[in-house]
Amino acid sequence: MCPASVATVAVLLFCALSGVAIAAAGNNPRFDELFKSSWGEDHMLHDGELIRLKLDAFSGAGFVSKKRYIYGKATAEIKLVGGDSAGTVTAFYMSSEGANRDEFDFEFLGNTTGEPYLVQTNIYVNGIGNREQRIDLWFNPTADFHSYSILWNQKQVVFLVDETPIRVFLNQEAKGVAFPGYQSMGVYNSLWKGDGWATQGGRVKTNWSHSPFIVTYRALTIDGCEVDVEAAVDDEVRRCGESDWGKEGRYWWKAPVMQKLTVHQLHQLIWVRAKHLIYDYCFDYARFPTAPPECGH
């Protein structure tokens with residue numbers, strides 16, 4: 001555990017790399033200070049520090065951050081739908097608005113009883129996605145809470161599960177690959193019906209006799225460069241991009257040590273890909289006879 005009494009930049013960086021929620025260290029805001037319902041409010045339940053979303057044959061539910069951000073880290077601790085959850089999709093993602101949006105997706109795809117949950121990640125840049133990867137998890141995500149995070153800075157986007165990196169999207173603008181950094185994003189969470197595709201490609205449909213399906217969230221934290229929606233977009237992009245992490249103090253995600261994975265994190269990523277990767281668009285030659293430029297092969 002990182003000592004709260006020590007406030008040096010080095011300790012903050014160590015805490016960040018170790019998975020300690022810096023945003024929550026001295027300030028643990030209530031849910032309604034950070035988020036608001038985005039749809040299906042009657043299917044969302046506040047229970048102390050827990051937020052529960054319900055999906056039945058009538059509706060699902062979702063909530064979104066009240067603020068928008070450029071760069072930073074968003075984390076949610078989630079206990080996924082247990083039992084037969086086929087056809088359900090639990091989503092945790094960051095997204096800008098409009099057809100040319102940027103978006104970073106965690107999508108947890110429900111399963112039939114006894115089958116592993118699959119986690120799909122996707123990345124949209126300027127409205128272009130089709131960058132799906134899928135993994136299975138090395139634990140039962142319905143038995144307890146686990147943390148899921150998106151780290152975004154000028155050099156990389158990293159998806160983490162319990163602080164283990166499962167995917168990295170590097171800034172390769174120098175090679176002509178578009179990279180997100182020019183649009184502010186909100187943080188979204190939702191539970192919805194996706195049985196047209198989510199479980200075994202849509203072959204297994206939702207069994208509504210098992211509803212309502214419940215997903216539970218806690219410890220939602222956002223530590224990012226908050227955007228002033230009244231200011232000019234270009235000015236905010238410049239401010240969040242140029243703010244010096246040392247001078248500003250709190251922009252720890254921009255520190256040099258955060259610009260690339262550590263050796264330990266690289267080993268973790270290699271292990272995840274070797275043991276748990278189910279699908280990677282970079283190697284789907286039926287869809288992409290020529291690999292997309294960011295794939296590097």
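Biologist: Which residue is the bridge partner of valine 161 in β12?

Modeller: This is a predicted model, in which local features need pLDDT of at least 70 and side-chain atom pairs count only at pLDDT 80 or more, while totals for chains, interfaces and linings use all residues. Residues are numbered from 1 along each chain as its sequence is written, and side-chain values use heavy atoms, leaving out hydrogens and water. Strands are DSSP runs (E, at least two residues), as are helices (H or I, at least four), both numbered from the N terminus. Strand β11 comprises residues 156-161, and the bridge partner of its valine 161 in β12 is threonine 164.

Biologist: How many bridges join strand β11 to β12?

Modeller: Strands of a sheet pair through backbone hydrogen bonds, either parallel or antiparallel. Here, two strands are taken to pair if DSSP finds at least two bridges between them. Strands β11 and β12 run antiparallel, and the number of bridges joining them is 6.

Biologist: Which strands stand at the edges of the open sheet of 7 strands?

Modeller: The order of this sheet is β2-β3-β14-β5-β10-β11-β12, with antiparallel pairing. An edge strand has a single partner, so one of its sides is left without a neighbour in the sheet; this applies to β2 (44-47) and β12 (164-170).

Biologist: By what angle are neighbouring strands of this sheet turned against each other on average?

Modeller: Axes are lines fitted to C-alpha atoms, for helices over the stretch in contact, and angles run from 0 to 180 degrees between N-to-C directions. With direction ignored, the average turn between neighbouring strands of this sheet is 20°.

Biologist: At about what angle to β5 does helix α4 run?

Modeller: Helix α4 spans residues 233-242 and lies across β5 (69-79) and β14. Its direction relative to β5 is about 75°.

Biologist: Which cysteine forms a disulfide with cysteine 225?

Modeller: A disulfide is a pair of cysteine sulfur atoms within 2.5 Å, and the whole structure holds 2 of them. The sulfur atom of cysteine 225 lies 2.1 Å from that of its partner, and the torsion about the S-S bond is about -80°, so this disulfide is left-handed. Cysteine 225 belongs to strand β14 and its partner to helix α4, so the pair ties together parts that are 15 residues apart in sequence. The partner is cysteine 240.

Biologist: How far apart are the sulfur atoms of cysteine 282 and cysteine 295?

Modeller: Both cysteines are buried, a term for under 20% relative accessible area, with exposed meaning over 50% and partly exposed in between (1.4 Å probe, protein chains only). The S-S torsion of about -80° means that this disulfide is left-handed. Cysteine 282 and cysteine 295 form a disulfide whose sulfur atoms are separated by 2.0 Å.

Biologist: Which residues does the UniProt annotation "active site" cover?

Modeller: UniProt positions are given in the numbering used here, feature names are shortened, and annotations may be inferred rather than shown by experiment. The annotation comes from an unreviewed entry. It names two residues, Glu103 and Glu107.

Biologist: Is glutamate 103 buried or exposed?

Modeller: Glutamate 103 is in strand β7 (residues 103-109). Contact means heavy atoms within 4.5 Å, and, beyond four places away in sequence, glutamate 103 touches residues including Tyr93, Asn122 and Met185. Because its relative accessibility is 9%, glutamate 103 counts as buried.

Biologist: With the side chain of which residue does the side chain of glutamate 103 make a polar contact?

Modeller: A polar contact is a pair of N or O atoms within 3.5 Å; within protein, one must be able to donate a hydrogen and the other to accept it, and residues adjacent in sequence count only if both atoms are side-chain atoms. For glutamate 103 the distance is 3.3 Å, and the partner side chain is that of serine 95.

Biologist: What is the relative accessible area of serine 209?

Modeller: Serine 209 lies in the loop between β13 and β14, and its side chain makes a polar contact of 2.5 Å with the side chain of asparagine 207. Serine 209 counts as exposed because its relative accessible area is 59%.

Biologist: Which residue does a cis peptide bond join to serine 211?

Modeller: The omega angle of this bond is about 5°. The partner of serine 211 is found in the loop between β13 and β14, and is proline 212.
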